Amino acid sequence: QVQVVESGGGSVNSGQSLRLSCKFSESVFTIAGMAWHRQAPGKRRELVAVKNVRGEIIYAEFVKGRFTISKDNQNVVFLQMNNLKSEDTAKYYCNLQGGRPGMTPYDYWGQGVQVTVSS
């Protein structure tokens, strides 16, 4: 069964950077759309950044100018996070819409990676 494999979480101080990455466990899967969400303890999961199937990129207001979503030609999706703040502490989830070439894209979620920012 295909999985979304995430990496790059960790603990940093305020003002530092981290880069999260995710990809399908099967390299033949293509990516139509991608997003990162996060969930802090006691809070609802919220959208951080999305690049939809039309190629439109949307960022949550609280990360604009600091975070960047991208994908390389190896179908690895990144979330570059700069100038991190303590309020960015959360578990971050990668969401990919994709599938085998020629098949209808489905929604897939990763298990989440922890990002902890100390002030």
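**Entry 1. Ground rules**

I call a residue buried under 20% relative accessible area, exposed over 50%, and partly exposed in between. By that rule R100, at 38% relative accessibility, is partly exposed. I also remind myself that this is a predicted model.

**Entry 2. The four-stranded sheet**

I began with the strands. I found an open sheet of four strands in the order β1-β3-β8-β7, and the pairing is antiparallel. Which strands stand at the edges? I noted β1 (4-7) and β7 there. Each has a single partner strand, so one side of each is left without a neighbour in the sheet. I then looked up the turn between neighbouring strands of this sheet. On average it is 15 degrees, direction ignored.

**Entry 3. The β7 and β8 hairpin**

Next I went along one pair of that sheet. Strand β7 covers residues 67-71 and strand β8 covers residues 77-81. I counted five bridges between them, in the antiparallel sense. I picked out two of the facing positions. F67 stands opposite M81 in β8. I69 has L79 as its bridge partner in β8. The hairpin has five residues between the strands. Within this hairpin, N75 takes a positive phi near 60 degrees.

**Entry 4. The disulfide**

I searched for cysteine pairs and got one disulfide. It joins C22 and C94, with the sulfur atoms 1.9 Å apart. C22 lies in strand β3 and C94 in strand β9, so the pair ties together parts that are 72 residues apart in sequence. Are these cysteines buried or exposed? C22 has 1% relative accessibility and counts as buried. C94 is buried too, at 0%. A disulfide is a covalent bond between the sulfur atoms of two cysteines.

**Entry 5. Salt bridges**

Side chains of opposite charge can pair when their charged atoms come close. How many salt bridges does a search of the whole structure find? I noted six.

I took R100 and E26 to start. Their side chains meet in a salt bridge at 2.7 Å, N to O. R100 lies in the loop between β9 (90-99) and β10 (106-109), and E26 in the loop between β3 (18-24) and β4 (30-39), so the pair ties together parts that are 74 residues apart in sequence. E26 is partly exposed, with a relative accessible area of 25%.

I then checked E56 and R54. They form a salt bridge, and the closest N and O atoms are 3.0 Å apart. E56 is partly exposed, at 38% relative accessible area. R54 counts as exposed, at 63% relative accessibility.

D88 and R66 came next. Their closest N and O atoms are 2.7 Å apart, in a salt bridge. This pair links distant parts of the chain, 22 residues apart. I placed D88 in the loop between β8 and β9, and R66 in the loop between β6 (57-59) and β7. Both D88 and R66 are buried. I followed the shared partners and reached one network of salt bridges, made of R38, E46, R66 and D88.

**Entry 6. The nonpolar core**

In soluble globular proteins, nonpolar side chains tend to be buried together. I looked up the largest nonpolar core here and found 30 residues in it. Which members touch the most other members? My list reads W36, L79, M81, Y92 and L96. I also asked which strands supply at least two residues of this core. I wrote down β3, β4, β5 (46-51), β7, β8, β9 and β11 (113-118).

I looked more closely at Y92, leaving aside its neighbours within four places in sequence. Its contacts include L20, W36, V48, F67, L79, M81, V113 and V115. Charged residues are on the list as well, among them E6 and R38. L79 and M81 have turned up before: L79 is the bridge partner of I69, and M81 stands opposite F67.

**Entry 7. A look at I57**

I closed with I57, which I placed in strand β6. Its relative accessible area is 39%, and I entered I57 as partly exposed. What does I57 touch, not counting residues up to four places away in sequence? I listed V50, K51 and I69. I also took the distance from I57 to D72. They are 15 residues apart in sequence and 15 Å apart in space, C-alpha to C-alpha.

Conventions
Residues are numbered from 1 along each chain as its sequence is written. This is a predicted model: local features need pLDDT of at least 70, side-chain atom pairs count only at pLDDT 80 or more; totals for chains, interfaces and linings use all residues. Side-chain values use heavy atoms; hydrogens and water are left out. Two strands pair if DSSP finds at least two bridges between them. A salt bridge is a side-chain nitrogen of Lys or Arg within 4 Å of a carboxyl oxygen of Asp or Glu. Buried means under 20% relative accessible area, exposed over 50%, partly exposed in between (1.4 Å probe, protein chains only). Axes are lines fitted to C-alpha atoms, for helices over the stretch in contact, and angles run from 0 to 180 degrees between N-to-C directions. A disulfide is a pair of cysteine sulfur atoms within 2.5 Å. Contact means heavy atoms within 4.5 Å. A nonpolar core is a set of buried Ala, Val, Leu, Ile, Met, Phe, Trp, Tyr and Cys residues joined through side-chain atoms within 4.5 Å.
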